[in-house]
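Here are my comments on the model you sent over. I have kept them to the open and enclosed spaces and to the way the helices pack.

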Amino acid sequence: MAKPVRRVRLDPLTAEDYPAWEAHVVDGYAESQVRSGQWAPDTAHGLALEATRELLPQGAATPGQHLWIARDAETGAKVGGLWIAMRFRGGLMEAFVFDVHVDPGQQGGGYGRAIMEAGAEEAKRLGADVVALNVFGYNDRAYSLYKSLGYEVTNRHMRLPL
């Protein structure tokens, strides 16, 4: 059965929305770092919070950082979020995806694709030449989505547990 084709709009994150958004992003980043074996569970939350606040010292108002709530284009219901940073890399303006997420009750329904497509449109509007991101090795679902959207692998990190 084919997934429905979804469309989303990206609404800028407000200062009022920021604390809940930050908590969600920090928790997700900490979990991913633990799951990938990079951080210990007892220090992961603190490290993720530190990293997030370093990148976003002014919260949602940090220059060069773009944070959105993704909403279904038809109903206006919140379905997820997106965070990209605009930065120069290799002579190109890069929109780096720091976080993309689909709310738990909406996963598997085509919103991830819709958020990434809307994000690419926003990145282009903001002057990006490319969109880049990191996908954790365990996240086959996200990797498959990005490949289907045309993303190319540019680097691979590997390790051997001993």
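The points below take the pockets first, then the cavity, and then the two helix pairs.

1. Please bear in mind throughout that this is a predicted model. Residue numbers start from 1 along each chain as its sequence is written.

2. The largest pocket has a volume of about 1,500 Å³, and of the 48 residues that line this pocket, the closest to its centre are Val100, His101, Asn139, Ala142 and Tyr146. If you are looking at the structure on screen, those five names are a convenient way to find the middle of the space.

3. Which elements each supply at least two residues of the lining of the largest pocket? They are the helices α1 (18–35), α2 (41–55), α3 (111–125) and α4 (140–148), together with the strand β4 (92–102). The most is given by α1, which contributes nine residues to this lining. Sorted by class, the lining of the largest pocket holds 23 nonpolar residues, 15 polar residues and ten charged residues.

4. The second largest pocket takes in about 1,200 Å³ of space, and Leu133, Asn134, Val135, Val153 and Asn155 are the closest to its centre among the 29 residues that line it. Two or more residues of this lining come from each of β4, β5 (130–133) and α4. By class, the lining of the second largest pocket comprises 14 nonpolar, eight polar and seven charged residues.

5. Turning to enclosed space, the count comes to one cavity of 30 Å³ or more, and the largest cavity has a volume of about 40 Å³. The residues that line this cavity are Leu82, Ile84, Ala95, Val97, Met116, Gly119, Ala120, Ala123, Val131 and Tyr151. Two or more of these residues are given by each of β3 (78–89), β4 and α3, and α3 gives the most, with four residues.

6. How does the lining of the largest cavity divide into nonpolar, polar and charged residues? Nine are nonpolar and one is polar, while no charged residue is found in this lining.

7. For the first helix pair, α1 and α2 pack at an angle of about 130 degrees, and their axes are 8 Å apart. Because of that angle, α1 is oblique to α2. The crossing in which α1 passes α2 is right-handed.

8. On the α1 side, this contact is made by Tyr18, Glu22, Val26, Asp27, Tyr29, Ala30 and Val34, and on the α2 side by Pro41, Ala44, His45, Ala48, Leu49, Ala51, Thr52 and Arg53. Taken by class, the residues of the contact of α1 with α2 fall into ten nonpolar, two polar and three charged.

9. For the second helix pair, the axes of α3 and α4 come within 11 Å and cross at roughly 50 degrees, and α3 is therefore oblique to α4. The crossing of α3 and α4 is right-handed.

10. In this second pair, Gly112, Arg113 and Met116 of α3 meet Leu145, Tyr146 and Ser148 of α4, and the residues of the contact divide into three nonpolar, two polar and one charged. Two of these names have appeared above: Met116 also lines the largest cavity, and Tyr146 is listed among the residues closest to the centre of the largest pocket.

Key
Predicted model: local features only at pLDDT ≥ 70, side-chain atom pairs only at ≥ 80, totals over all residues. Heavy atoms only, no water. 1 Å grid on protein atoms, 1.4 Å probe; cavity = no way out; pocket = protein on both sides within 12 Å on 5 of 7 lines; lining within 4 Å. Points joined across faces, edges and corners; volume = space filled by probe spheres on them. Nonpolar A, V, L, I, M, F, W, Y, C, P; charged D, E, K, R; others polar. Axes fitted to C-alpha atoms, helices over the stretch in contact; angles between N-to-C directions. Parallel < 35°, antiparallel > 145°, perpendicular 65-115°, else oblique. Left-handed = near helix turned anticlockwise from the far one by under 90°. Contact = heavy atoms within 4.5 Å.
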